[in-house]
Amino acid sequence: MAIEAELKARVHDPEGVTAALEEAHGPGRAEVYRDTYYDDPAGSLTDTDRELRIRTVYGNGSTRTVLTYKGARVDGGSGSKPESETRVDGPDAAHAILRGLGYLPRIAFEKHCRNYGFAVDGHQVLATLVRVPEIDGTYLEVETPTPDEASLPAALAVVRGVLRGLGITDRDLTTELYTEAVAAAHT
């Protein structure tokens, strides 16, 4: 299972970061993610830092749905996790399958994203500016896939370099999960 080497940061100057990304990589893709996270009735996935999600992505006249499983974090400082993902042709059927297997929707929310894909030192990088309506502020997620834990430090170095180039410091980094922040906003 590949590992998603990822860092997330709070962005204090969204306009400046957007301008820098667009100058370097073009206009990006505006997309809305509709995420539904599932868990069993006992909450065993959440309790063991794992995730099961169906995401439908709406953007520029297209829609796609993906089923994702994320294992527990392999790096506490970054929150990087092993990830398996596959495209789903029938989102309603995928939701029905998970429910039929005993999983329940734990939380659902939207992420309003602008995605920028590019390569750095042989790594395919995705930088995503994120706004979640229930959460104040703008976030920047920068990620690159890596095949195993041994290559994670090099991949995270690439991610940190991208963030530094955009004026994001280590003080801006967060491992807060959107699921937890949205759940807190709903209470």
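The legends below describe close-up views of a predicted model.

**View 1. Strand E1 and its surroundings.** Strand E1 covers residues 3-11, and 8 of its 9 residues are buried, so this strand is largely enclosed by the rest of the structure. To follow that reasoning, it helps to know that a residue counts as buried when its relative accessible area is under 20%.

**View 2. The partners of strand E1.** Strand E1 runs antiparallel to strand E8, which spans residues 138-146, and 9 bridges join the two. Within this pairing, the bridge partner of arginine 10 is tyrosine 139 in E8. Strand E1 is also joined to E5 by 2 bridges, again with the strands running antiparallel, and here isoleucine 3 has proline 82 of E5 as its bridge partner. A further antiparallel pairing, over 2 bridges, links E1 with strand E9, which consists of residues 173-174, and in this pairing lysine 8 stands opposite threonine 174 of E9.

**View 3. The hairpin of strands E3 and E4.** Strand E3, made of residues 51-59, and strand E4, made of residues 62-70, run antiparallel and are joined by 9 bridges. One place to find this pairing is arginine 53, whose bridge partner in E4 is threonine 68. The two strands form a hairpin with 2 residues between them, and asparagine 60, which lies in the turn, has a positive phi of about 35°. When tracing strands such as these, it is useful to remember that in a regular strand the side chains alternate between the two faces of the sheet.

**View 4. Strand E4 beside strand E5.** Besides its place in the hairpin with E3, strand E4 pairs with strand E5, residues 81-88, in the antiparallel sense over 6 bridges. Threonine 65 can serve as a landmark in this view, since its bridge partner in E5 is valine 88.

**View 5. The largest pocket.** The largest pocket holds about 940 Å³ of space. It is lined by 45 residues, of which Glu4, Glu6, Arg53, Lys70 and Glu83 are the closest to its centre. Sorted by class, the lining of this pocket contains 24 charged residues, 11 nonpolar residues and 10 polar residues. Strand E2, which covers residues 29-39, gives the largest share of the lining, namely 5 residues.

**View 6. The second largest pocket.** In the second largest pocket there is about 160 Å³ of space. Its lining includes Pro14, Thr18, Glu31 and Val32, together with His112, Cys113 and Arg114, and also Leu129, Val130, Arg131 and Thr138. The elements that give two or more residues to this lining are helix H1 (14-25), E2, strand E6 (104-120) and strand E7 (123-131). By class, the lining of the second largest pocket is made up of 5 nonpolar, 3 polar and 3 charged residues.

**View 7. The cavity.** A search of the whole structure finds 1 cavity of 30 Å³ or more, and the volume of the largest cavity is about 40 Å³. The residues that line the largest cavity are Arg160, Leu163, Arg164, Ile168, Thr169, Asp170 and Leu173. Helix H4, residues 152-165, supplies the largest share of this lining with 3 residues. Grouped by class, the lining of the largest cavity has 3 charged, 3 nonpolar and 1 polar residues.

Notes: Residues are numbered from 1 along each chain as its sequence is written. This is a predicted model: local features need pLDDT of at least 70, side-chain atom pairs count only at pLDDT 80 or more; totals for chains, interfaces and linings use all residues. Side-chain values use heavy atoms; hydrogens and water are left out. Two strands pair if DSSP finds at least two bridges between them. Helices (H or I, at least four residues) and strands (E, at least two) are DSSP runs, numbered from the N terminus. On a 1 Å grid over the protein atoms alone, a cavity is a set of points where a 1.4 Å probe fits but cannot get out, and a pocket is an open set with protein on both sides within 12 Å along at least five of seven lines; lining residues have an atom within 4 Å of a point. Grid points are joined across faces, edges and corners, and a volume is the space filled by probe spheres set on the points. Ala, Val, Leu, Ile, Met, Phe, Trp, Tyr, Cys and Pro count as nonpolar, Asp, Glu, Lys and Arg as charged, and the others, Gly among them, as polar. Buried means under 20% relative accessible area, exposed over 50%, partly exposed in between (1.4 Å probe, protein chains only).
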